Amino acid sequence: MFVELRDVSKRFGNFDAARKVSFELEKGTLAALLGPSGSGKTTILRMIAGLETPDGGDIFLDGQSIKNLEPSRRGIGLVFQNYALFRYMTVWENIAFGLKTKRTPKAGIKERVGELLTLIGLEDLAGRYPAQLSGGQKQRVAFARALAPNPRFLLLDEPFAAIDAKVRRELRSWLREMISRLKITSIFVTHDQAEAIEVADRIIVTNRGRVEQTGAPIELYRSPATPFVARFIGESTVVRNYNVLTGFENAPDGAECAIRPEFVRLFAPSEPVQYENSVQPGRVSAMAFRGDVLEVTVRVRDFSLATSYSLERPSLSVGDQVKVLIYRLYAFQGDQARLVGNSLLANGGGGYNFQI
Amino acid sequence: MTTDAAETTAEGLVTPPAGVPGGSGESGGAAEEVKNILSEAERNFLSGRTGRGTETGSPTGAGRADSEAADAGARADGEDGGTGGTDGTTPRRGRRGHRQENPLIRGTLIAVSLVFAALMLVLPLLAVLSQAFGAGWDNFVRSVTDTFTVKALKLTLLTSLVAVTANTLFGLTAAWALTRYRFRGQGLLVTLIDLPFAVSPIIAGLIFILTYGRLGWAAPFLEAHDLKIVFATPGIIMATVFVTIPFVAREIIPVLAARGTDEEQAAVLMGAGFFRTFFQVTLPHIRWALVYSVILCSARAMGEFGAVSVVSGHLRGKTNTLPLHIEILFNEHHYREAFAVSAILVITSIVILTARSLVEWVSKKEEEPGVR
């Protein structure tokens, strides 16, 4: 493994920023460190960069422990959350800074900076100061500055947080393309699950200083290991005492589960259902048009479940009685989440193993 | 910051330490910029109180009352407002309704301010200058080139030079330590820096006599090594240093604190050493605050009377600084000479104030390089 964190811990006062954090990344991976604010993701990033010292555990880069290595000797590039561009230096000087400290010969600096300016497409703005750049341009400069000394590992702290929504999409795909073209192993921190799913090859979900789960975006979505991941990734409704639902009577009292919209299927009263005994009555309580589908909220027992409904199906309106089939759900047991199928369906709600 | 962990910056330092006039100092052109630091309530209060003054940026009576310290605080905040510029919300802008104020009140307030300033500030200054040059140029030159005057001037310059250098180094060091590290006694250091503002000058002088004088606890050591501190140049310098300690530190701390540590961390991460980081990343940011505070510090160091008077011993030609020399001349009824020597200090002050305005103007223009 190219990057490995082994039981890395960090405490600030009596706040556990990182508790026995472990994960591995292969060379060339673009990983997202995803979690709500306060979950420790920035601290983890800063420990890898060397701006914070772990209280315990070890960090390996390319098989070698970097825990006791000086930050500048780790071969890591860091893009700061607010870019931290040097305000009193031009774009050119900003990018050149990391080369000058390494005593690169002048000609080499000139060549490398020119190369990076071309890469980020800002050749014309080399003489500008950061204050004269837009958010997106600043980000590109920060990216180029971090890349200038040819790091083997790139870290990005909330790279899109300070950019307005319109430019963000564009920058996301730009960064994604840059990183895959350069084949540089990277981690970026984000609290936006959509961003992580869209951009990253692998996602490391953190919560309260712990790593909840590591995996490809679709793995996390399809088989969340913990209740937190089930709630945090994708849409879902969390309900308690779900043993009142048809097909899940075996569940213990008081147990919780999460139900994704696609796990719920609605049938109009007139529609035939293959396994009639596996459905239960419900009532449409709200409907919203979402462009290609209808987003329907259906009241089943005391629960409000969200699902989508195709425009091709028999028409529904608010207040209508419907038959509700719940294929499967994520049952929570302590700090584990487990996929449970509807016991009244022929295949027990299985067959949920799509791949892309 | 939406970071997960405790941040390493000393947040308590963003606002100038409490208990000193100037924490919320509203004065002159800087008033326009004081926004991030003041709470909304304070802002409304200030804008309500000073009315048009805040809009036009003209010095108001309320602002002037706060001594140079107020300027120091307000300007530092101003620098932050300009460069940090995080939120552009300025509720004060919306309060232009005060325009319809009663013209009588407006006229009275302006007149009172002007007359008061004229009586208390301008007239005495003019009196000094007219007295100084009243007996003709030759007389002035003779008074000023008098041996004792020249010696006093030299001592004053030496004292100021040493005191300003020492306090600049201390101010930078303390500001760096306070805003970049966390350590025990941090709060104490902040309070200590402000101490000279709060302590009467006579105390400032007496403490040195009590420490290094003949009855002081350091006396045996000093006598054994034949060192003289009190009633000699070292004592004068120490008293001056004591009195002018806050100027540089107080000016730099808020600027450094407001700025955060990101750029320095970026520099360190890219392999820059301490000096490269300081000179290329940090110094450009604080240079105007530094120049400004050095100017104020020099002004104060040259003019310091109280504390120096206590430790000097008034030995003419030996331990007399210019202010002390003026006092002696005056007490001996050499009024012309006293005024002539005073004129040196007055003219120096005018030069320093001009320099200060110039620095303020230039720094405002350069706050964001290239933007304009």
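Helix α1 of chain A is mostly covered in this predicted model: 9 of its 9 residues are buried. The buried stretch includes charged Lys41(A) and Arg46(A) alongside Ile44(A), Leu45(A), Met47(A) and Ile48(A). Just past the helix, Gly50(A) adopts a positive phi of about 100°.

The same helix turns up again where chain A touches chain B. Among the elements of chain A, α1(A) gives the most to that side, with 4 residues. Three elements each supply two or more residues there, and the table shows where they lie in chain A.

| Element | Residues in chain A |
|---|---|
| β2(A) | 15–25 |
| α1(A) | 41–49 |
| α2(A) | 91–100 |

Altogether, the contact draws 31 residues from chain A and 22 residues from chain B. Sorted by class, the chain A side has 15 nonpolar, 12 polar and 4 charged residues.

Now for a sheet further along chain A. Here 4 strands form an open sheet in the order β11-β12-β18-β19, and their pairing is antiparallel. Which strands sit at the edges? They are β11(A), at 237–240, and β19(A), at 336–341, each of which pairs on one side only. On average, neighbouring strands of this sheet are turned by 30° against each other, direction ignored.

It is worth looking at the pair β18(A) and β19(A) in your viewer. Strand β18(A) covers residues 328–333 and is joined to β19(A) by 6 bridges, with the two running antiparallel. One place to find this pairing is Arg328(A), whose bridge partner in β19(A) is Gly341(A). Strands in a sheet are held in such pairs through backbone hydrogen bonds.

How values were computed: Residues are numbered from 1 along each chain as its sequence is written. Chains are lettered from A and ligands numbered from 1 in the order in which they are written. This is a predicted model: local features need pLDDT of at least 70, side-chain atom pairs count only at pLDDT 80 or more; totals for chains, interfaces and linings use all residues. Two strands pair if DSSP finds at least two bridges between them. Axes are lines fitted to C-alpha atoms, for helices over the stretch in contact, and angles run from 0 to 180 degrees between N-to-C directions. Two residues are in contact if their C-beta atoms, placed from the backbone, lie within 7 Å. A residue is buried if 20 or more other C-beta atoms lie within 10 Å of its own, exposed if 12 or fewer, and partly exposed in between; C-beta atoms are placed from the backbone.
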